[in-house]
Amino acid sequence: MPNTRYSSGTGQYDGLWIQIDMGQTQTFDKILLDSGSNIGDYARSADVYVSTNGTDWTKVSSIAGGQRVESSRNERL
């Protein structure tokens, strides 16, 4: 999957989420949460869930630490 960038157009807040349909089973080794040039508006933590049907979700990773760019471990979706 090519590198993509998404912006909600709003500041981040507790409970904000994004769902990405990769179109088919994908293996990924990294998720980056990059706030770009916003030095104060970034995710302090995130949970990563995967699903094969968009209805049933499995939590596969949590990332935390307050860093401006964060990543997750390898997963297969």
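A polar contact, in the exercises that follow, is a pair of N or O atoms within 3.5 Å, where within protein one atom must be able to donate a hydrogen and the other to accept it. The structure is a predicted model.

**Exercise 1. Describe the secondary structure of the protein, its burial and the separation in sequence of its contacts.**

Solution. Begin with the elements: the protein has six strands and zero helices, and its pattern, read along the sequence, is β-β-β-β-β-β. Next, turn to the surface, where the protein exposes about 6,100 Å², 45% of which is supplied by carbon and sulfur atoms. Of the 77 residues in the protein, 19% are buried. Finally, consider the contacts with a separation of 6 or more, of which 57% are accounted for by residues 24 or more positions apart.

**Exercise 2. Determine in which strand confidence is lowest and in which it is highest, and state how the prediction should be read where pLDDT is low.**

Solution. Take the overall level as the starting point: the mean pLDDT of the protein is 76, and 70% of the residues reach 70 or more. Then go to the individual strands, where the lowest confidence is that of strand β6 (residues 75–76), with a mean of 49, while the highest is that of strand β3 (residues 45–50), at 88. As for the reading, predicted coordinates should not be read in detail where pLDDT is low.

**Exercise 3. Find how many salt bridges the whole structure holds, and explain which parts of the chain are tied together.**

Solution. The search of the whole structure finds one salt bridge, in which the side chains of Asp-47 and Lys-59 meet at 3.4 Å, N to O. Because Asp-47 lies in strand β3 and Lys-59 in strand β4, the pair ties together parts that are 12 residues apart in sequence. In general, side chains of opposite charge can pair when their charged atoms come close.

The next step is to compare each partner with the limits for a partly exposed residue, which lie between the 20% under which a residue is buried and the 50% over which a residue is exposed. Asp-47 has a relative accessibility of 43% and therefore counts as partly exposed; Lys-59, at 44%, likewise counts as partly exposed.

**Exercise 4. Work out the surroundings of Lys-59, including the polar contacts of the side chain.**

Solution. Place the residue first: Lys-59 is found in strand β4, which covers residues 58–64. Leaving aside neighbours within four places in sequence, Lys-59 is in contact with Asp-47, Val-48 and Tyr-49. The C-alpha atoms of Lys-59 and Asp-47 are separated by 7.0 Å, whereas the polar contact between the side chains of Lys-59 and Asp-47 is at 3.4 Å. The side chain of Lys-59 also makes a polar contact with the side chain of Ser-62, at 3.3 Å.

**Exercise 5. Examine Asn-53 and Trp-57, stating where each residue lies and what its side chain reaches.**

Solution. Start with Asn-53, whose place is in the loop between β3 and β4, and which is partly exposed, since the relative accessible area of Asn-53 is 44%. The side chain of Asn-53 makes a polar contact with the side chain of Ser-51 at 3.1 Å, and the side chain of Asn-53 reaches the backbone nitrogen of Asp-56 at 2.8 Å. Asn-53 and Asp-21 are 32 residues apart along the chain, with their C-alpha atoms separated by 9.6 Å.

Continue with Trp-57, which lies in the loop between β3 and β4 and is partly exposed, with a relative accessible area of 39%. Not counting residues up to four places away in sequence, Trp-57 touches Gln-19, Tyr-49, Val-50 and Ser-51. The side chain of Trp-57 reaches the backbone oxygen of Gly-54 at 3.4 Å.

Key. Residues numbered from 1 in each chain as written. Predicted model: local features only at pLDDT ≥ 70, side-chain atom pairs only at ≥ 80, totals over all residues. Heavy atoms only, no water. Helix = DSSP H or I, 4+ residues; strand = E, 2+ residues; numbered from the N terminus. Buried < 20%, exposed > 50% of the residue type's maximum accessible area, 1.4 Å probe, protein only. Contact = heavy atoms within 4.5 Å. Areas by Shrake-Rupley, 256 points an atom, 1.4 Å probe, with all protein chains shown as cover. pLDDT = per-residue confidence, 0-100. Salt bridge = Lys/Arg side-chain N within 4 Å of Asp/Glu carboxyl O.
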